[in-house]
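Me: I am new to reading protein models. Please take one part and walk me through it closely, then show me how it sits in the rest.

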Amino acid sequence: MIKVENLTKLFGAKRAVDGISFTVERGEVLGFLGPNGAGKSTTMRIITGFIPPSSGRVSVGGFDMVENPIPGKRLIGYLPENAPAYTDMTVSGFLGFAAEIRGLRGEAKTKAVNRAVEMCFLQSVLHQSVETLSKGYRHRTCFAQSIIHDPEVLVLDEPTDGLDPNQKHEIRSLIRRMGEKKAIIFSTHILEEVDAVCSRAIIIDRGRIVANGTPPELRRRSDWAGAVTLRVNGMVATAVKEKLSQLRTAKKVVAEAQGQRITATVFPRTAGDQDLTREVLEATRSWQVEELHTEEGRLDEVFRSITLPDTVKEETK
Amino acid sequence: MNTWANIKTIAKRELGAYFSSPLAYVFIVIFLLLCGFFTFMVGGFFERGEASLTRSFFDWHPWFYLFLVPAVGMRLWAEERRVGTLELLLTMPITTWQAIVGKFLASWLFLGLALVLTFPIVITVNYLGTPDNGVILSGYIGSWLMAGAYLAISCITSAMTRTQVVSFIVSVVVCLFLILAGFPPVVRFLEGWASPWLVDVVTSFSVITHFEGFQKGVLDSRDVLFFLSLIGFSLFSTSVILRGHRAG
Ligand SMILES: Nc1ncnc2c1ncn2[C@@H]1O[C@H](COP(=O)(O)OP(=O)(O)O)[C@@H](O)[C@H]1O
Ligand SMILES: [Mg+2]
């Protein structure tokens with residue numbers, strides 16, 4: 001449904017987006033991750049036809065968003081960053097306007113507004129002016145606007161930004177549910193959202209894609225992927241460390257004592273190596289092991305390791 | 001096909017925005033008070049002893065509009081940009097042109113409404129004498145066209161900035177130029193030293209020169225064309241400016 005090819009956007013000499021390509025199909029929820037200023041919003045503005053790209057192509061539902069944007073725009077529901085809404089209107093007036101501009105009239109319009117109001121829990125503020133809404137309600141009002149025509153494509157720029165934990169949870173489950181039938185792309189810098197909502201994630205940094213995969217795939221790129229953590233009783237930390245360091249597939253061991261109990265983590269030579277767990281199990285057969293588990297890898301660590309500025313990367317090496 | 005429907009939806013929203021704030025009512029009241037005061041007190045309506053609105057009423061319009069129209073038009077685009085709703089509006093399935101025309105029409109209708117509400121003055125002059133109502137109607141048409149021209153200029157300045165005040169000031173300056181280019185004292189001053197063709201060129205840009213005919217009841221197609229092309233050109237410039245912002 002969404003096809004982005006070699007997208008580049010220059011603001012003056014600055015490359016906000018630098019050669020990005022990806023596709024999103026129906027039934028997919030693509031998470032768009034990246035630090036602030038990575039180019040997430042700019043990419044979304046190009047996809048929705050708000051700004052033209054400097055080069056590259058975007059098509060939505062097969063319609064080019066530069067040459068023939070109107071049919072593409074009909075398919076898209078868009079929640080811009082900071083969820084703007086007309087402050088001089090009531091919530092119901094605003095949603096009515098959104099429905100009308102999408103070509104819905106009469107009965108169809110009423111139905112669409114009611115549906116969006118229900119899905120976004122806006123009943124209690126329906127006749128309130130947008131200006132007087134709290135941030136969470138304003139956000140949901142703009143969100144309701146984006147789904148008013150039950151679009152096939154949803155572009156959501158930080159849809160959970162500024163919401164409280166309950167509201168975040170509601171919006172996430174809404175996105176996940178809608179993702180079954182739509183093509184959704186949403187940006188965030190909250191990593192837990194990736195697991196909660198996305199079927200696939202792209203990490204971008206300074207306008208370039210630095211990772212693209214399902215959440216488990218991304219997690220496997222972390223140093224922690226395949227690491228084994230165990231708790232042992234009745235041993236000395238140095239002995240534990242020494243023994244585990246000798247394992248063929250182990251790269252590094254971190255051990256720490258808390259009274260009688262030692263917690264050790266063994267990192268694999270190659271991330272995600274399954275052999276390490278087996279080896280650790282064999283080597284510790286005679287020990288008093290209280291607990292042992294294999295790490296899946298940590299998204300936040302992947303995120304930090306691939307999006308750090310180069311200078312900082314050098315320092316940490 | 002649904003061009004018109006889109007323009008109507010935009011215009012309806014925009015008109016609603018005017019009337020949802022007290023500003024619209026304040027504007028209309030101020031306009032009516034100014035019209036009444038200048039026509040009867042300053043314009044010497046009674047002293048003239050003629051059943052006409054040409055000088056006592058319509059003469060003031062270019063000056064009223066100088067401040068009132070930029071005040072009406074300043075929020076059109078500046079506010080959309082400041083609040084960020086521009087992004088919403090221009091990613092909806094409408095063309096930029098439809099949005100521009102819809103917003104312009106809404107404000108122009110609003111100005112038309114204010115103008116229509118001056119009808120008590122027409123009743124008064126009809127009560128006191130037997131004016132040529134055709135001339136009065138032509139004056140109204142010219143006045144509305146002139147308001148449209150000012151408004152279209154305010155559209156440009158509003159699209160240029162996120163600050164309404166800046167938009168207001170710039171459009172007042174531009175409109176002032178359009179008045180002064182044909183304002184008799186200025187024209188007389190120009191005639192003193194400039195060659196006649198230059199005076200003609202300058203005055204041909206003036207709204208006063210082109211409004212004059214309407215006031216006298218002469219509907220000259222050139223005058224109509226002047227206002228319409230000023231509107232068309234300004235709205236086109238607005239679209240160029242909006243596109244420029246988006247291109248970055
Ligand atoms: N209209 C603009 N003019 C100039 N620079 C811009 C503009 N919009 C975005 N940028 C720059 O482009 C980069 C990417 O911004 P953005 O896409 O908003 O990042 P993100 O949404 O990932 O935080 C930033 O460095 C930002 O300063
Ligand atoms: Mg952003």
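Is A:Asp150 buried, partly exposed or exposed?

Reply: A:Asp150 is partly exposed, because its relative accessible area is 45%, and the cut-offs run from under 20% for buried to over 50% for exposed. Keep in mind that this is a predicted model.

Now place the residue. A:Asp150 sits in a loop of chain A. The loop runs between α5 (135-146) and β7 (153-157). Its backbone deserves a look too. A:Asp150 is not a glycine, yet its phi is positive, at about 45°.

Next, turn to A:Ala83. This residue also has a positive phi of about 45°, and it is not a glycine. A:Ala83 lies in the loop between β6 (76-79) and α3 (91-101) of chain A. Its surroundings cover it: A:Ala83 counts as buried because its relative accessible area is 1%. Set that beside A:Asp150, which is partly exposed at 45%.

A strand residue comes next. A:Asp18 belongs to strand β2 of chain A, which spans residues 14-24. With a relative accessible area of 15%, A:Asp18 is buried. The cut-off for that word is under 20%. Which residues does A:Asp18 touch, leaving aside its neighbours within four places in sequence? They are A:Leu7, A:Thr8, A:Arg206, A:Gly207 and A:Arg208. Now try a distance in the same chain. A:Asn68 is 50 residues from A:Asp18 along the chain, and their C-alpha atoms are 23 Å apart.

Step back to the whole of chain A. It has 317 residues, and 52% of them count as buried. Its secondary structure comprises twelve helices and 14 strands. Chain A is split into domain 1 (2-214) and domain 2 (228-297). The C-alpha centres of these two domains are 45 Å apart. Along the principal axes, the C-alpha atoms of chain A fill a box of roughly 75 × 45 × 30 Å. About 14,600 Å² of chain A is exposed, and carbon and sulfur atoms supply 48% of that area. Now look at its contacts between residues at least 6 apart in sequence. Of these, 68% join residues at least 24 apart.

Chain B offers a pair of helices. Helix α1 (residues 3-19) and helix α5 (residues 75-83) of chain B have axes that come within 12 Å. The axes cross at roughly 90°. The crossing angle therefore makes α1(B) roughly perpendicular to α5(B). On the α1(B) side, the contact uses B:Arg13, B:Glu14, B:Ala17 and B:Tyr18. On the α5(B) side, it uses B:Arg75, B:Leu76 and B:Glu80. Sort the residues of this contact by type. Three are nonpolar, none is polar and four are charged.

Finish with one member of that contact. B:Glu80 is in helix α5 of chain B. Is B:Glu80 buried or exposed? B:Glu80 is buried, because its relative accessible area is 2%. Set aside residues up to four places away in sequence. B:Glu80 then touches B:Arg13, B:Glu14, B:Arg75, B:Thr85, B:Leu86, B:Leu89 and B:Lys103 within chain B. It also touches A:Tyr86, a residue of chain A.

Definitions and conventions:
Residues numbered from 1 in each chain as written. Chains lettered and ligands numbered in written order. Predicted model: local features only at pLDDT ≥ 70, side-chain atom pairs only at ≥ 80, totals over all residues. Heavy atoms only, no water. Axes fitted to C-alpha atoms, helices over the stretch in contact; angles between N-to-C directions. Helix = DSSP H or I, 4+ residues; strand = E, 2+ residues; numbered from the N terminus. Parallel < 35°, antiparallel > 145°, perpendicular 65-115°, else oblique. Contact = heavy atoms within 4.5 Å. Nonpolar A, V, L, I, M, F, W, Y, C, P; charged D, E, K, R; others polar. Domains from an automatic or database assignment. Buried < 20%, exposed > 50% of the residue type's maximum accessible area, 1.4 Å probe, protein only. Areas by Shrake-Rupley, 256 points an atom, 1.4 Å probe, with all protein chains shown as cover.
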